[in-house]
Amino acid sequence: KDVLAKTNAALERLDADACADDAGPATALLTADDDDDALAVARRSCRDADAALDAKLKELRVTLRKPALQWTHINGGAGGRQEFLIEATRSEAEGFMRRGAIDDTWHVASETQKVRRFVAPGVSVLVSNRAVAVAEADLAADVAWRKFVADLDDELSASLRKIFDAVALIDATRALGRLGGEPGWCWPALGQDLDLEAFAHPTL
């Protein structure tokens, strides 16, 4: 009962959705214990960073008068992956600049013959804050996972060892009982000198 209770308590700490995601890391499987838990604090920082970017996107929709505006993320190039960009066709971009919606504070991240992609003012700081929050959450998740595994081992190893020892004793006693019924079998007597030839043992 003690082993079962401890096992159930450990399972309750696992995130069912994360466990169902085969591609996710093991360190993401834990739920946070409470609001003061380091993992909970780190994950809340991630949510706050995402909320700040969502608020910035809503602000940019109003500024550019594009209610359906979404962030653009692109891969490749010397700079690697670029996230949280504002993409507009060249004609749209020129219109935004003519009416002052886009000014010199907007940085052109990349452009093609058809589109321009901008980093809007204030977005770089928000993206940097998000990157820090994600890194801290990954670290907190790794620390929490290691502690979870170590605590589980401490709590269950002694109880499980007793079970394993009992099963081993039953198995050995049963085997000796069967051998004792074999004709000509006797209990071996060992002297001080022992020579073994072609000896094998499953655990030695």
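**Group meeting: helix packing and backbone in a predicted model**

Read along the sequence, the chain I am showing follows the pattern α-α-α-β-β-α-β-β-α, which comes to 5 helices and 4 strands, where helices (H or I, at least four residues) and strands (E, at least two) are DSSP runs numbered from the N terminus. Please keep in mind that this is a predicted model, in which local features need pLDDT of at least 70 and side-chain atom pairs count only at pLDDT 80 or more, while totals for chains, interfaces and linings use all residues. Residues are numbered from 1 along each chain as its sequence is written, and side-chain values use heavy atoms, with hydrogens and water left out.

Let me begin with the chain as a whole. Of its 204 residues, 24% count as buried, and here buried means under 20% relative accessible area, exposed over 50%, and partly exposed in between, with a 1.4 Å probe and protein chains only. Among contacts between residues at least 6 apart in sequence, 51% join residues at least 24 apart, a contact being heavy atoms within 4.5 Å.

Now to the pair α3 and α5. The axes of α3 and helix α5, residues 123–180, come within 8 Å and cross at roughly 160°; these axes are lines fitted to C-alpha atoms, for helices over the stretch in contact, and the angles run from 0 to 180 degrees between N-to-C directions. The two helices are therefore roughly antiparallel to each other, given that angles under 35 degrees count as roughly parallel, over 145 as roughly antiparallel, 65 to 115 as roughly perpendicular and the rest as oblique. On the α3 side the contact includes Leu39, Ala42, Leu53 and Lys56, and on the α5 side Val123, Leu126, Val127 and Ala137 are among the residues involved. By class, this contact has 16 nonpolar, 1 polar and 5 charged residues, with Ala, Val, Leu, Ile, Met, Phe, Trp, Tyr, Cys and Pro counted as nonpolar, Asp, Glu, Lys and Arg as charged, and the others, Gly among them, as polar.

One of those charged residues deserves a closer look: is Lys56 of α3 buried or exposed? Lys56 is buried, with a relative accessible area of 13%, and, leaving aside its neighbours within four places in sequence, Lys56 is in contact with Trp71, Pro121, Val123 and Leu126. Val62, also placed in α3, counts as exposed at 65% relative accessibility, and its C-alpha atom is separated by 9.9 Å from that of Ala101, 39 residues away along the chain.

Turning to α4, residues 90–98, its buried residues are Ala93, Gly95 and Phe96. They cover an arc of only 160° around the axis, which puts them on the same side of α4, the arc being that of the directions from the helix axis to the C-beta atoms. These buried residues pack against α3, β2 and β4, whereas the face turned away from them carries the exposed residues Ser91 and Arg98.

Finally, a few words on the backbone. Most residues other than glycine have a negative phi. Which sign does phi take at Arg65 and at Phe84? Arg65, in the loop between α3 and β1, has a positive phi of about 60° and counts as exposed at 64% relative accessibility. Phe84, in strand β2, likewise has a positive phi of about 60°, but counts as buried at 10% relative accessibility. Gly100, just after α4, takes a positive phi of about 80°.
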